[in-house]
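Reader: Hi! Could you take me in for a close look at one part of this model, and then show me what lies around it?

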Amino acid sequence: MQGRIVGRVKRVNGPVLTASGITDAQMMELVHVSDLGIVGEIVKLNEGEATIQVYEDATGIKPGDSIFGSGMSLSAELGPGLIGNIYDGIQRPLEELRKLSGDFIGKGIAATAVDHDKLWHFVPSVSIGDKVHEGSIIGVVRETERVEHRIMIPPTVKGELTIVNLAEEGDYKVDDQVALVSDGNGKSTVITMLQYWPIRVPRPVKDHASLSTPLITGLRVIDTLFPLSKGGTVAIPGGFGTGKTMTQHSIAQWCDADIIVYIGCGERGNEMTDVLREFPHLVDPRTGLSLMERTILIANTSNMPVSAREASIYTGITMAEYYRDMGYNVAIMADSTSRWAEALRELSGRMEEMPAEEGFPAYLPTRIAQFYERAGHMKTLSEKDGSVSVIGAVSPPGGDFSEPVTSHTKRFVRAFWGLDRALASSRHYPAISWLESYSEYVEEVKDWWNSHSQNKWYENRKRIMELLQKEVRLQQIVKLVGPDALPDSQNFILEVCSLFKTAFLQQNAFDEIDRYCSIEKQTRMLDIILRYYDLGSEAIQKGVPLVKIRRLQVVQDITKMRFNVSNDHADDIDKLELKLERSIMQLGSLYDEE
């Protein structure tokens, strides 16, 4: 067993151990317990005793077993080879673990996060004698067909350094020396293609940048009504069966982020299996390449050790920050933070800490805040722009949005995509409620959207949201006295909102055309729906009965345009708009003559 003995096991309480005789150990130090080599972390120190949280099944550990210190915190291994891999909560590659121990993960099984024997073609971008600093990019490696992996000076290497010995272009292993840097005082640091970073510590950046560019997801209800900025944070709460996981899958598949980190935190194993089966066969509509060319998966399912679930989201966001530092836009899907909070609650209970509301630890809000605050659009140490967007699913018991995890999460995120069980029950997907959801990024992304929609997006969005609010009030009247009590002008508002929900807000994730909607198509679809409202309102004022407008063939064509008009032929909607104008004008002229 590598490392020094720092103590002995005194008590075993599931994944939480009490150790005695602790010497030469530090808070949050990575340790290995017993000759089995089970990975753990020191989470509490008190006068020669320590509390250790282990990340594997603790069966087989007994009092008196040795505890071996490592001298370092639980850290992520960062380097070429992360993309396309699937890891557990503490960044062990599951495929390698299967090769070592079969279909069931054995205790103490260890494997490096990236392949240390694989050769990568390194192309230097600096020369001998160049001045470099923390985060400087010194070369590149082609990690996948889509991702260029940029080799950086570690953030912990301080000051201006001089490269005194640089490897030439060629094939190297990740732990081969590619550079040697000197600080001018006789101290030299060997630079390899690998970095190690403590998962609970945010990677440093130079500055924060504005959140003015939206993350385009291809889901109309999100992009048009409740947009998310690159570098933004959003919560997706919803009860069981409302479509949290499917919504995250759709975003992971089609959003315009450069890198996707998908964290299956305490979710069912069959859901992660679906991801593993689907993603390699799905093609990114922007590049024509497999989605696995830009995806990292972390599978810490509900049957895996609960303590590793607590670490999984930190492992995921650390890898996301690493690619952000290269200048990439990264999106994290955390599914779900409620299972992570439940892991905190279980571990807190085993450590006999004072519980707060609903048994969750008192530091739950702090942990949630620390996680979401690692998102952002940053100016990196290498002077590049990069971002980490966090999309966290929340699973409130019984769909109760007032429970602690949901209510605390709402305090720290700036967008909220609330899922409605009534919508899901009526097979309206994505089941994102247009009444409960909101986005604080609307004003920040307004200029970007308007520049890509002929200055229509902001005004059109405002108009349709006002119509949806009017519909709510009118529906209350309808429930009391029936729709016949309303004039045609008000019934037409109900008609247009119903059309908007069916033709725009609903989206079929299994339809080849409808599963992803381009910016241009979204803009034109909303345009024609509002044009229908304007023309129809004018016709009703002229005396045209609503029933005549409703029966127009072009209205049925508008309803089906999401299936019939592809992203490449969005201008077909303009032809549909001309047909709409002609049809309603003909109706109006008939009543003008009368």
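Is the crossing of H11 and H13 left-handed or right-handed?

Author: Quick ground rules before we dive in. This is a predicted model, with residues numbered from 1 along each chain as its sequence is written, and local features need pLDDT of at least 70, while side-chain atom pairs count only at pLDDT 80 or more and totals for chains, interfaces and linings use all residues. Side-chain values use heavy atoms, with hydrogens and water left out.

Now your pair: H11 and H13 cross in a left-handed way (the near helix is turned anticlockwise from the far one by less than a right angle; clockwise would be right-handed). H11 covers residues 457-481 and H13 covers residues 519-541. Both labels come from DSSP runs, numbered from the N terminus: helices are H or I runs of at least four residues, strands are E runs of at least two. The H11 and H13 axes are 11 Å apart, and the packing angle is about 55 degrees. Such axes are lines fitted to C-alpha atoms, for helices over the stretch in contact, with angles from 0 to 180 degrees between N-to-C directions. At that angle H11 and H13 are oblique to each other, because angles under 35 degrees count as roughly parallel, over 145 as roughly antiparallel, 65 to 115 as roughly perpendicular and the rest as oblique.

So who's doing the touching? On the H11 side you'll find Asn460, Arg461, Arg463, Ile464 and Leu467, and they meet Leu526, Asp527, Leu530, Tyr533 and Asp534 of H13 (contact means heavy atoms within 4.5 Å). Sorted by class, that's five nonpolar, one polar and four charged residues. Here Ala, Val, Leu, Ile, Met, Phe, Trp, Tyr, Cys and Pro count as nonpolar, Asp, Glu, Lys and Arg as charged, and the others, Gly among them, as polar.

Keep an eye on Ile464 and Leu526, as both turn up again in the list for Phe500. Leaving out residues up to four places away in sequence, Phe500 touches Leu225, Ile464, Leu468, Leu505, Leu526 and Ile529. Phe500 sits in the largest nonpolar core, which has 85 residues; Leu225, Ile391, Trp417, Phe500, Tyr532 and Met561 touch the most other members. A second, separate core has 73 residues, including Ile199, Met319, Ile368 and Val390. A nonpolar core is a set of buried Ala, Val, Leu, Ile, Met, Phe, Trp, Tyr and Cys residues joined through side-chain atoms within 4.5 Å, and buried means under 20% relative accessible area, exposed over 50%, partly exposed in between (1.4 Å probe, protein chains only).

For a contrast, try H7 (residues 364-372) and H8 (residues 404-412), whose axes are 9 Å apart at an angle of about 45 degrees. That makes H7 oblique to H8, but here the crossing is right-handed. H7 brings Leu364, Pro365, Ile368, Ala369 and Tyr372, while H8 brings Pro404, Val405, His408, Thr409, Arg411 and Phe412. By class, this contact has eight nonpolar, two polar and one charged residues.

Just before H7, the loop between H6 and H7 has two residues worth a click. Glu352 lies in this loop and has a positive phi of about 60 degrees although it isn't a glycine; at 59% relative accessibility, Glu352 is exposed. Pro361 lies in the loop too, but Pro361 is buried, at 3%. Beyond its neighbours up to four places away, Pro361 touches Leu344, Arg345, Ser348 and Ala356.

At the other end of H6 (337-350), Ser336 lies in the loop after strand S22 (329-335). A cis peptide bond joins Asp335 to Ser336, with omega about 5 degrees. Another cis bond runs from Tyr429 to Pro430, with omega near -5 degrees.

S22 leads us to one last stop, H3 (residues 244-254). In H3, 10 of the 11 residues are buried, so the helix is largely enclosed by the rest of the structure. Those buried residues pack against S22 and several other elements, among them helix H2 (220-225), strand S19 (233-237) and helix H4 (269-278).
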